[in-house]
Amino acid sequence: MKLIFEKSVSDRGCSLLPPCDVELVPLPDAQTRTTPPGLPEMSETDLSRHYTQLCRNVHGVNCGFYPLGSCTMKYNPRIDEEMAALPGFAGVHPLAPVHTTAGCREVLDTAKRYLCEITGMADMTFQPAAGAHGEFTGVLLIKQYHDARGDSKRKKIIVPDSAHGTNPATASMCGFEVVNIPSAPNGCVDLEALKAAVGDDTAGLMLTNPNTVGIFDENILEITRLVHEVGGLCYYDGANLNAVMGVVRPGDMGFDCIHMNLHKTFATPHGGGGPGAGAVGCKDFLARYLPQSLLMSGEEHIQVRSFAGNFLVVVKALTYLMTLGREGIPEAAQSAVLNANYLMRKIQGTFKPAFDRICMHEFVLDLAEFKQETGVSALDVAKSLIDYGMHPPTMYFPLIVHEALMLEPTETESRETLDWAAEVFRKLYALAHEEPEFMHQAPHSAQIGRPDEVRAARNPILRWQTT
Amino acid sequence: MGSYVPSTRAERQEMLEAIGLKKERDLYRDVPEHMLLDRPLDVPSGMSELEVSRAVSAMAAKNRVFSTVLRGAGAYDHYIPSIVKYIPAKEEFLTAYTPYQAEMSQGVLQSIFEYQTMICELTGMDVSNASVYDGATAAAEAAAMCRDRKRRVTLVSAAVHPDVINTIRTYCYGTGDTLRIVPIKNGRTDLTALKEMLTADVASFYVQQPNFFGGLEDAEALGQAVHEAGAMYVMGCNPIALAILKTPRDCGADIAVGEGQPLGLPLGYGGPYLGYMTTLSKHMRKLPGRIVGETVDSKGERAYVLSLQAREQHIRREKASSNICSNEALCALTAAVYMAAMGPGGMAEAAKQSMAKAHYLASGLCEIPGVSLRYSGEFFHEFVTDLPRTQEALQALEQADILGGLPVEGGILWCATEKVSKEALDQTIRMVKEVLAQ
């Protein structure tokens, strides 16, 4: 479809501003731009239709099943959007006098109280704008803690090889050396490997539990104890919190600090790649190291972005928390786990789970053998799902499973949807044995065929230009 | 209580049985029994939608929203066209994830590609990423882009937003790199001091245009000095000002970043906002974050994908220069709709009117005995006045539903946008005059 620039007509526009009611003041010539920016010139009708056309070529949670593992694509309630758009929130300046922003502080305080209770933490910041940003903040808490004690020998952060790439990247951004430890055959932390890795140079451990293969690590107390014993701290990556919220708390597992993805676990929409919100919680002894806005607080703290964070996202998450409440929070977690296990069971007999046991909120299929048998890859299966109107699962992650497809159905899918999804997987399993070539070419009915990614990387075209 | 779980109790029991379990607790049999929470969460019971709506609206009602906002300092109250609110609210845009599966996300990918183009047009730069968290993180990521083995020092002008400086400081603390602040003279970066500080270990210098005090920097001269010392020049520019202001490209910037909030995003008590981030072609592969590129599909048709992913953390892990993945895509979409709705003419109009109204306010205030501009020289839509009895003046304005400027260093940092009427400006001037006459 045409780009917005290809629809632009010179001198078209929307009528938005009144004439200026005071005298214009020219910029000095030396400071003035020589040519106007080549922005589109559109009527409001053109604009409305352009974006309506674009949104038809997007699959959202509202369109259909979205079992993208580790992303927790649950339904995003509309009331949450409505609350965040209230002028009483949207119109508040971050530097307005404190006595005029009591409502904003009530939102932050209430969300903090609920989330600390859910995670077993003592204090919290909402400044981080996303999960990776939360990781950065959390690991900086660990760094400040060691620095404040003059404990300068702690240069290493331990990360299991099943971890998301953000974990090691975060440790590097915080100046730590990354120690990757292999996973045990069951996908959990290899205790012997951990024992060999910890020492008086250990700053901390970054871990998610349930882990990235969807298994709750039953040795978790032993793991956090081993790290604490050598003077390190334990960081909980909250990517998988949806499985356990209200059931078991990271604080009780021995973690010292944690980030949550409000845009996963607490139902705020992903917006095609943000805005998220990465609330970071910590135990009491780390609270003094939490970030703050210098301009808002006047105090010297670390700071990971301007002002108080993605506040309107917190409004959405709080609305969700208040809706679910003490009963609904664990119910959501249990239903997420139930849905994952039900779907895994329904697929059984076709694609093989990487770990054949009760899973948490997500599970990983291992297609290595299947690929040898049929020549059809995890990518082919993923692309074939698109023809059924299902968003593909996360592919080729975690790295410890080759030909991985990771499915996370979430609690907001009905049994019929899960039955239907399992049926689609069964059909594709059969199709791969009958007509593998057809699957190599999938998708067949999407807006585009498979894009040439190599060409995009070798010959980068990153903006539109007049030809 | 509220719930978004569609399956009924009976269905859930059947599903449990289908997987060979009896009760929901059995789902957690890997969790050691003593770790399970043995009490209900200490949070209130869930509520119906109507109750929640009342409760959250009551919180919003405890905030004060001013009809006239004369405060900026990093968050600007520009007019947001109606269509700019409706388009990003479309559920498909709202509820999609990062466009990993290009075949199912061409709409998101194309919208980001268009955003990247518009930001390049605004800044004059070659390449834009799909956004980062906000202007402060964009500045910090830009500083990180510039460092190499020999050049580890980051210079930042003291006329930069304090939150931006503190964020860069924090990122430098992470990697163990040095940040030095270049002093100001008459509210602008001191060029002579900068030249002295540009030692061989300096990786980059960051300046804000217009700066925190509203003043226009001599950005070309600063850039020249930076390049003479072999360092990289990073500019943080207000995107509305860029509709009329000399582009960072023309000022010699290697990297141009900024806070995108003025492009149609509400004040929202500080977020979500949008960090835009651009550079020259030669630094393309150092740019962090998501980038959308054009390619062709299997049928040879034009298509868009997330591109240059070899830079990113999911491939490079600990060797990646940034850990960013989720950014502010929906805010970037909002900004793109804003720029398209305003067009080049509308954006220039908003910039000119903001500047005109700020100057009208400044000259009106400075006619009051005891009030003067703290710094001489050109300014855009913000300026600092020295003004006795700052608190009283601001309180009087507050009672008239006007959010006055921000108290800074004994003076007031004022801001005006196209949204403020001449009437409101006259009223402001009159009220300040009355307070000071008492």
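How much space lies in the second largest pocket? The volume there is about 1,000 Å³. The structure is a predicted model, in which local features need pLDDT of at least 70 and side-chain atom pairs count only at pLDDT 80 or more, while totals for chains, interfaces and linings use all residues. Residues are numbered from 1 along each chain as its sequence is written, chains are lettered from A and ligands numbered from 1 in the order in which they are written, and side-chain values use heavy atoms, with hydrogens and water left out.

**Pocket**

A pocket is an open set of points on a 1 Å grid over the protein atoms alone, with protein on both sides within 12 Å along at least five of seven lines, whereas a cavity is a set of points where a 1.4 Å probe fits but cannot get out; lining residues have an atom within 4 Å of a point. Grid points are joined across faces, edges and corners, and a volume is the space filled by probe spheres set on the points.

The second largest pocket has 38 lining residues, and those nearest its centre are Ala85(A), Ala90(A), Leu312(A), Lys85(B) and Pro266(B). Among the elements that give two or more residues to this lining are helix 11 (311-347) of chain A and helix 4 (91-95) of chain B. Helix 3 of chain A gives the most, with four residues. Helices (H or I, at least four residues) and strands (E, at least two) are DSSP runs, numbered from the N terminus.

**Cavities**

The whole structure holds 12 cavities of 30 Å³ or more. The largest cavity has a volume of about 260 Å³. It is lined by 22 residues, with Gly74(B), Tyr76(B), His161(B), Gln208(B) and Glu259(B) closest to its centre. Strand 7 of chain B gives the most to this lining, with three residues.

The second largest cavity measures about 80 Å³ in volume. Of its 14 lining residues, Phe213(B), Gly215(B), Tyr375(B), Phe379(B) and Phe383(B) lie nearest the centre. Strand 14 (residues 382-386) of chain B supplies the largest share, three residues.

The table gives the linings by class. Ala, Val, Leu, Ile, Met, Phe, Trp, Tyr, Cys and Pro count as nonpolar, Asp, Glu, Lys and Arg as charged, and the others, Gly among them, as polar.

| Space | Nonpolar | Polar | Charged |
|---|---|---|---|
| Second largest pocket | 24 residues | six residues | eight residues |
| Largest cavity | nine residues | 11 residues | two residues |
| Second largest cavity | six residues | five residues | three residues |

**Interface**

Between the two chains, 183 residues of chain B are in contact (heavy atoms within 4.5 Å) with 211 residues of chain A. The buried area (accessible area, 1.4 Å probe, lost by two parts on being put together, summed over both) is about 17,000 Å², and carbon and sulfur atoms give 63% of it. In chain B, the residues that lose the most area to chain A are Tyr4(B), Met104(B) and Tyr269(B), together 6% of what that side buries.

The rule finds 11 salt bridges across the interface (a side-chain nitrogen of Lys or Arg within 4 Å of a carboxyl oxygen of Asp or Glu). Glu14(B) pairs with Arg415(A) in a salt bridge whose closest N and O atoms are 2.5 Å apart. Helix 11 (residues 329-366) of chain B gives the most to the side of chain B that touches chain A, with 23 residues. By class, that side has 95 nonpolar, 48 polar and 40 charged residues.
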